[in-house]
Amino acid sequence: MNKAFVREPDPIADYCPRCGSKGQQVGWETIQPHLPDGKTPTVADPANFCPSPQCDVVYFDAFERVMLTSDLKRSVYPKDPDAPICACFGLTRQDIEADVREGVVTRVKGILEKANSSEARCSHAAANGQSCVAYVQKYYMQCREPDAIDAALFLDS
């Protein structure tokens, strides 16, 4: 058969085969710590992390092989909103909500400093292999939003 008419698979698929979200490339050094002891990854290296909280696919590859949340030894953020946002140091959404409620940034600032330190193990601890900083900042701002809206309404009255 003439190879000009045969399309070989891309080395890595960019989009989740279940939900269509753009994946984030990860290697086995990221996937392996999330698997139960003795279990081997069922996706190719490199693979992709599906960032969609609604999708049960955690990792996928160019051949549409997937690893689901049920394949992992513990829940991971953002797949499970109750899992720690910061996999290295254990910061949770409840910690961020407490900072907003108390009007301080103690926990958030502390985790951001730790995330930028040599203590961080993001490539192994985080399911997507990346720092939690973006997730922490985004959730902090989402939590503050209702307060900002309430304050604006109060000033307009």
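1. Which residue just after H2 takes a positive phi? In this predicted model, the residue in question is Gly 103, whose phi is about 70 degrees and which follows directly on the end of helix H2. The points below begin with the chain as a whole and then return to this helix and its surroundings.

2. The protein chain contains five helices and four strands, and when it is read along the sequence these elements follow the pattern β-α-β-β-β-α-α-α-α. Among the contacts with a separation of 6 or more, 57% are between residues that stand 24 or more positions apart.

3. Of the 157 residues in the protein chain, 35% are buried. The accessible surface of the chain comes to about 9500 Å², and carbon and sulfur atoms account for 52% of that surface.

4. In soluble globular proteins, nonpolar side chains tend to be buried together. The largest nonpolar core here has 20 residues, and the members that touch the most other members are Ile 85, Ile 96 and Val 136. Two or more residues of this core come from each of helix H2 (93–102), helix H3 (106–115), helix H4 (122–125) and helix H5 (133–156), with H5 giving the most, namely five residues.

5. Val 136 shows how this core is put together: once its neighbours within four places in sequence are left aside, Val 136 is in contact with Ile 85, Leu 91, Ile 96, Val 108, Ile 111 and Leu 112. Apart from the largest core there lies another core, made of 12 residues, including Leu 35, Tyr 59, Val 76 and Ala 127.

6. Helix H2 deserves a careful look, since the residues buried in it are Ile 96, Ala 98, Asp 99 and Val 100. One of them, Asp 99, lies in helix H2 and counts as buried because its relative accessible area is 0%, which is under the 20% cut-off.

7. What is Asp 99 in contact with, leaving aside its neighbours within four places in sequence? The residues concerned are Val 104, Val 105, Thr 106, Arg 107 and Val 108. In addition, a polar atom of the Asp 99 side chain lies 3.3 Å from the backbone nitrogen of Thr 106.

8. Side chains of opposite charge can pair when their charged atoms come close. A search of the whole structure finds four salt bridges, and one of them joins the side chains of Glu 102 and Arg 107 at 3.3 Å, N to O. Through salt bridges that share partners, Asp 99, Glu 102 and Arg 107 form one network. Within this network, Asp 99 is buried, whereas Arg 107 is partly exposed, with a relative accessibility of 31%.

9. A salt bridge also forms between the side chains of Arg 18 and Asp 56, at 3.5 Å, N to O. This pair links distant parts of the chain, 38 residues apart, with Arg 18 in the segment before strand S1 (24–26) and Asp 56 in the loop between strand S2 (47–49) and strand S3 (57–60). Asp 56 counts as partly exposed because its relative accessibility is 35%.

10. The side chains of Arg 65 and Asp 61 meet in a further salt bridge, at 2.7 Å, N to O. How is each partner placed, buried or exposed or in between? Asp 61 is buried, with a relative accessible area of 1%, whereas Arg 65 is partly exposed, with a relative accessible area of 37%.

Conventions: Residues are numbered from 1 along each chain as its sequence is written. This is a predicted model: local features need pLDDT of at least 70, side-chain atom pairs count only at pLDDT 80 or more; totals for chains, interfaces and linings use all residues. Side-chain values use heavy atoms; hydrogens and water are left out. A nonpolar core is a set of buried Ala, Val, Leu, Ile, Met, Phe, Trp, Tyr and Cys residues joined through side-chain atoms within 4.5 Å. Buried means under 20% relative accessible area, exposed over 50%, partly exposed in between (1.4 Å probe, protein chains only). Contact means heavy atoms within 4.5 Å. Accessible areas come from the Shrake-Rupley method with a 1.4 Å probe; for residues, only the protein chains shown count as cover. A polar contact is a pair of N or O atoms within 3.5 Å; within protein, one must be able to donate a hydrogen and the other to accept it, and residues adjacent in sequence count only if both atoms are side-chain atoms.
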